[in-house]
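Q: I would like to learn how to read the boundary between two domains of one chain. Could we work through an example together?

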Amino acid sequence: MNPMDLVSRLVRSADDEAHEDADVRTDGGTATSERQGSGRGFLASNRNLVESLPFWLPPALLVGLFVYGAIGWNVLISLTDWEGLGSPEYGSLDLSMYAQLLGDDTFIIAFRNTLVLLIAFTVVSLAVGLVVAILVDQRIRFENTFRTVYLLPMSLSFVVTAIFWSWMYNFEIGMINQLLRLAGLDFLTQQWISDPQWKMAAIIFALMWQFSGYCMVVYLAGLRAIPTEQYEAARTDGASTLRMYWRIIVPQLRASTTSAAVVLMVFALKAFDFLYVLFGDTPGPSVDILSVMMFREAFSTTNWAYGSAIATVLFLMALSVIGPYLLTQYRRGDL
Amino acid sequence: MATDAPAAPAEPSDDQADPTETRESDRGLGDQLRDVGPGRVALYAVLLALGAFYLAPLESGLLTAFKTQEAFFSTTPFAPPPIDGTTVAPWLSAFDTLSGGLVNSFILVVPATLISALLGSLAAYGLTNIDWRGQLVVLLLFVAGVFIPYQAVLVPLTRFWTMVGLNDLLAFWEPLASRADLVALIITHAAYGIPICTVLFRSFYSTIDGEMLEAARLDGASAATIYRRIILPLSGPIFAVTLIYQFTQIWNDLLFALVLLSSPENQVVTIALNKLKGSMVQQYNLQMAGAFIAALPTLLVYVLFGEQFAEGVAGET
């Protein structure tokens with residue numbers, strides 16, 4: 001709080017002291033006037049903390065227990081040898097699960113696939129979202145209708161979209177192959193979701209379909225925040241539209257790109273539902289990712305400690321994405 | 001959508017009175033001139049093609065759901081069903097399989113959505129509109145909670161609910177005890193929904209005029225009074241955004257339900273739909289009808305409240 005505010009508040013609180021006793025009752029408030037007289041400004045922070053507690057503490061306790069408590073507990077479990085039906089033994093803790101991870105080819109493959117999905121999915125979704133946002137930003141008619149259609153996949157469950165795409169990718173009668181045959185491109189038809197060579201690309205394409213609308217929304221907000229003058233200036237400079245966007249507009253969308261990329265990357269780390277509905281808990285080495293492997297180890301084969309170790313790796317990966325992002329936001333006061 | 005703004009380019013005559021708007025109207029006029037150009041036609045062609053791309057899986061699914069088994073094997077997936085190959089049987093059969101799950105999903109979604117939104121609103125108020133030292137650190141922990149991959153908490157979560165033994169705790173009332181799984185899922189979704197709800201409410205509450213609140217405090221209003229009399233009445237629009245976002249998220253979730261629900265009578269619609277897909281492998285018409293039935297509530301919410309939904313997903317950043 002700046003000092004001038006403090007002074008004026010002190011003055012005002014002294015002024016108002018007389019009225020306050022009368023007002024307190026009508027408002028049902030509980031402010032105590034003897035405290036306010038002396039140094040309200042200094043006490044304000046502490047008193048405000050006490051007053052604010054009933055509001056944020058209960059939700060904070062729930063978040064503390066379910067999010068942070070559970071993360072800590074997960075790390076603890078990953079240090080045990082817990083498996084099967086019994087309970088975890090917290091007596092002897094070691095890093096054996098992590099050692100086992102390093103020697104596990106399945107883990108290495110899943111780790112690599114997770115990175116591929118994370119990067120390719122994020123880049124493709126951002127690129128498509130940006131292009132769509134720029135197109136929508138051309139003062140078009142029926143803008144709301146177009147936006148509504150483009151964002152629609154985001155409102156659907158992955159269970160639903162996985163079922164749609166398993167039909168789209170069907171080899172004999174799915175839409176993708178049928179369209180290719182119609183265009184005379186029979187040689188391009190593939191077993192999209194059973195051929196290991198195409199599985200990952202097919203998954204990324206379907207997820208891009210679902211998420212690019214989200215990227216469009218984020219980029220559109222960014223585009224709308226750029227002053228009209230800049231478009232004007234670029235146009236009078238004779239810059240071609242494409243050049244203008246590439247040189248002047250796109251660089252200013254860095255904040256939109258960062259925040260959308262963080263959301264997409266974190267999603268890629270926890271992407272589970274879509275793959276699980278398509279392939280169950282064993283999607284095969286070409287698309288096995290850590291989140292699916294973690295579920296398989298913990299909940300299908302009851303290797304709880306091993307599953308927890310994979311979960312810890314996932315958590316650390318997420319942390320390395322969101323840590324720097326949130327820290328920058330915090331420093332900038334953008335939280 | 002019903003709220004479609006009919007004309008994007010501003011009418012020049014409307015703006016002439018306001019000098020600050022001239023530049024805007026110039027741009028509008030320029031665009032109107034370009035409306036007839038070939039570039040404009042190409043733009044709309046691309047936009048329509050994109051629309052077809054985003055709707056294709058739904059269109060193909062919807063048409064397939066009305067086809068008989070022979071019809072969808074013999075027709076193109078995006079062609080309407082032939083006269084003799086049209087049927088509503090898949091819809092009836094899928095509804096039969098999913099109806100129990102639909103009811104359970106509503107039992108889950110309504111309380112979980114309300115609880116998380118209310119707690120998010122309270123937390124955002126306590127962390128935004130009341131100033132105290134250190135609040136940003138607490139806030140940071142809330143915001144970080146938005147990005148937690150749920151896999152990192154799954155094992156402790158199931159362990160936690162086993163140890164709590166909700167079944168025994170709720171034994172005093174049999175109808176509730178048999179729903180123990182679902183109660184655990186409600187609390188779980190409510191708890192993990194708090195961070196995003198807090199973030200959404202905070203972005204709204206930070207725009208509320210601090211001087212107005214300060215004046216109310218100086219008049220002796222307590223924090224609770226200010227929340228009830230000033231904040232809550234202003235929160236309508238952001239409650240709409242948050243409730244719609246949470247409704248969609250919780251309705252659509254599979255993972256938590258998969259690990260927390262054990263009894264078949266408590267299964268939610270996403271679980272039921274996944275099972276339907278697994279057991280009716282070649283019956284695409286049935287699968288598509290099931291997918292649409294399971295998606296209908298969220299689709300309806302999306303069509304009615306598209307703007308609020310967009311605000312919700314954008315608020316995640």
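Q: How many salt bridges does the rule find across the interface of domain 1 of chain B and domain 2 of chain B?
A: A salt bridge is counted when a side-chain nitrogen of Lys or Arg lies within 4 Å of a carboxyl oxygen of Asp or Glu. In this predicted model, the rule finds zero salt bridges across the interface of domain 1 of chain B and domain 2 of chain B, although two residue pairs are in polar contact there, both at pLDDT 80 or more.

Q: Which helices of chain B each supply at least two residues of the side of domain 1 that touches domain 2?
A: They are α3 (38-65) and α4 (69-74) of chain B, and the largest share of that side of domain 1, five residues, comes from α3(B). By type, the residues of the side of domain 1 of chain B that touches domain 2 divide into six nonpolar, four polar and one charged.

Q: Where in chain B do the two domains lie, and how many residues of each are in contact?
A: Domain 1 of chain B covers 14-85 and domain 2 covers 89-315, with 33 Å between their centres when these are taken over C-alpha atoms. Eleven residues of domain 1 of chain B are in contact with nine residues of domain 2.

Q: What area do domain 1 of chain B and domain 2 of chain B bury between them, and which residues of domain 1 lose the most?
A: The two domains of chain B bury about 810 Å² between them, with 71% of it on carbon and sulfur atoms. On the side of domain 1, B:A65, B:Q69 and B:F72 lose the most area to domain 2 of chain B, and together they account for 45% of what that side buries.

Terms used: Residues are numbered from 1 along each chain as its sequence is written. Chains are lettered from A and ligands numbered from 1 in the order in which they are written. This is a predicted model: local features need pLDDT of at least 70, side-chain atom pairs count only at pLDDT 80 or more; totals for chains, interfaces and linings use all residues. Side-chain values use heavy atoms; hydrogens and water are left out. Domain bounds come from an automatic or database domain assignment. Contact means heavy atoms within 4.5 Å. Buried area is the accessible area (1.4 Å probe) that two parts lose on being put together, summed over both. A polar contact is a pair of N or O atoms within 3.5 Å; within protein, one must be able to donate a hydrogen and the other to accept it, and residues adjacent in sequence count only if both atoms are side-chain atoms. Helices (H or I, at least four residues) and strands (E, at least two) are DSSP runs, numbered from the N terminus. Ala, Val, Leu, Ile, Met, Phe, Trp, Tyr, Cys and Pro count as nonpolar, Asp, Glu, Lys and Arg as charged, and the others, Gly among them, as polar.
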